[in-house]
Amino acid sequence: MLSLATLGRLAAAAAVFAILAAAPDRAAAQAAKELESGVMIGPVSGLPVPRYVSLKAGKVFVRQGPTKDYPVAFIYRRAGEPVEITAEYDNWRRIRDSEGSEGWVWHSLLSGRRTALVAPWAKDPSLPLFVKASTGERLAARLEPKVLVEAKKCDGQWCRVEGEGFYGFIEQGRLWGIYPGERFD
């Protein structure tokens with residue numbers, strides 16, 4: 001015969017097991033929905049998934065899963081860093097950086113401000129930034145790979161960018177944090 005205390009512990013364990021067993025179903029219920037246009041829409045934000053955003057804070061803890069119960073996988077220490085949101089779960093967003101590292105962050109640590117990294121894959125020591133959106137224009141500056149820029153406007157081929165001490169136009173394909181052909185003001 002089991003004591004009341006033992007029965008209570010068994011009931012509590014069964015409840016925890018039921019919650020854990022249902023967790024994948026809850027996550028699946030928050031899967032992005034596809035519109036007729038083929039664009040996936042996040043179940044929580046109503047915004048496209050995937051999409052680029054930037055880190056709002058100078059210290060962002062990235063977790064292995066979408067709750068504070070999951071351990072910290074790594075820490076970002078650079079505000080403005082572009083990241084790609086690849087999934088949503090409640091107030092958590094799964095993100096990926098330019099090196100392919102992934103994890104979950106609290107939504108309020110992200111910003112809609114568009115930033116990009118200048119060709120983090122490039123082997124060239126510097127890349128051209130032009131005064132106007134044309135390779136025939138004069139150079140405004142030369143930027144090293146991985147320089148952080150704020151993208152002000154993109155027309156699908158060129159982006160107007162700014163950074164500390166420079167501004168100008170760069171070919172859109174040389175930026176990580178902007179989709180090919182993406183347009184915005």
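**Figure 1. Salt bridges across the chain.** By the rule used here, the count comes to 10 salt bridges. This is a predicted model, so treat each contact below as a feature of that prediction. One of the pairs is R96 with E102, where nitrogen and oxygen sit 3.5 Å apart. R96 is partly exposed, at 29% relative accessible area, and E102 also counts as partly exposed, at 39%.

**Figure 2. A buried pair and its network.** Here the side chains of E88 and R93 meet in a salt bridge, with 3.9 Å from N to O. Are these two buried or exposed? Both E88 and R93 are buried. The pair doesn't stand alone, either: R51 joins E88 and R93 in a network of salt bridges.

**Figure 3. R113 and E150, a link between distant parts of the chain.** The side chains of R113 and E150 form a salt bridge, 3.2 Å from N to O. The two residues are 37 apart along the chain, with R113 in the loop between strand 9 (110-111) and strand 10 (115-118) and E150 in strand 13 (residues 148-155). R113 is partly exposed, with a relative accessible area of 37%. E150 is partly exposed too, at 23%.

**Figure 4. R114 and its neighbours.** Move along to R114, which lies in the loop between strand 9 and strand 10. This arginine counts as buried because its relative accessible area is 14%, and the cut-off for buried is under 20%. What does the side chain of R114 reach? It gets to the backbone oxygen of G177, at 2.8 Å. Leaving out residues up to four places away in sequence, R114 touches Y52, E150, A151, G177, I178, E182 and F184. E150 in that list is the salt-bridge partner of R113 from the previous view.

**Figure 5. The disulfide of C154 and C159.** How many disulfides does the structure hold? The structure holds 1, formed by C154 and C159 with their sulfur atoms 2.0 Å apart. The link is right-handed, with 115° about the S-S bond. Both ends are tucked away: C154 is buried at 3% relative accessible area, and C159 is buried at 0%.

**Figure 6. A cis peptide bond at V49 and P50.** The peptide bond from V49 to P50 is cis, and its omega is near 5°. In general, most peptide bonds are trans, so a cis bond is worth a look in the viewer. V49 is found in the loop between strand 2 (40-41) and strand 3 (51-55), and P50 has its place in the loop between strand 2 and strand 3 as well. V49 counts as buried, at 9% relative accessibility. Not counting residues up to four places away in sequence, the contacts of V49 are M40, G42, I85, T86, A87 and E88. The last of these, E88, also takes part in the network with R51 and R93. For a sense of how the chain comes back on itself here, check V49 against E84: they are 35 residues apart along the chain, and their C-alpha atoms are separated by 8.8 Å.

**Figure 7. Two residues with positive phi.** Most residues other than glycine have a negative phi. Which value does D90 take? Phi of D90 is near 55°, a positive value. D90 is found in the loop between strand 6 (82-89) and strand 7 (92-96), and it is partly exposed, with a relative accessible area of 42%. K146 also has a positive phi, near 75°. K146 lies in the loop between strand 12 (139-143) and strand 13, where it is partly exposed at 45%.

**Figure 8. A nonpolar patch on the surface.** F61, V72 and I75 form this patch, and together they have about 210 Å² of accessible area. F61 lies in strand 4 (residues 60-63) and counts as partly exposed, at 37% relative accessibility.

**Figure 9. Stepping back to the whole chain.** The protein chain has 1 helix and 17 strands. Of its 185 residues, 35% are buried. Among contacts between residues at least 6 apart in sequence, 52% join residues at least 24 apart. The chain exposes about 11,000 Å², and carbon and sulfur atoms supply 55% of that area.

How values were computed
Residues numbered from 1 in each chain as written. Predicted model: local features only at pLDDT ≥ 70, side-chain atom pairs only at ≥ 80, totals over all residues. Heavy atoms only, no water. Disulfide = S-S within 2.5 Å. Buried < 20%, exposed > 50% of the residue type's maximum accessible area, 1.4 Å probe, protein only. Salt bridge = Lys/Arg side-chain N within 4 Å of Asp/Glu carboxyl O. Helix = DSSP H or I, 4+ residues; strand = E, 2+ residues; numbered from the N terminus. Contact = heavy atoms within 4.5 Å. Areas by Shrake-Rupley, 256 points an atom, 1.4 Å probe, with all protein chains shown as cover. Polar contact = N/O pair within 3.5 Å; in protein donor to acceptor, adjacent residues only side chain to side chain. Patch = residues over 30% accessible without salt bridge, like charges linked within 9 Å, V, L, I, M, F, W, Y side chains within 5 Å.
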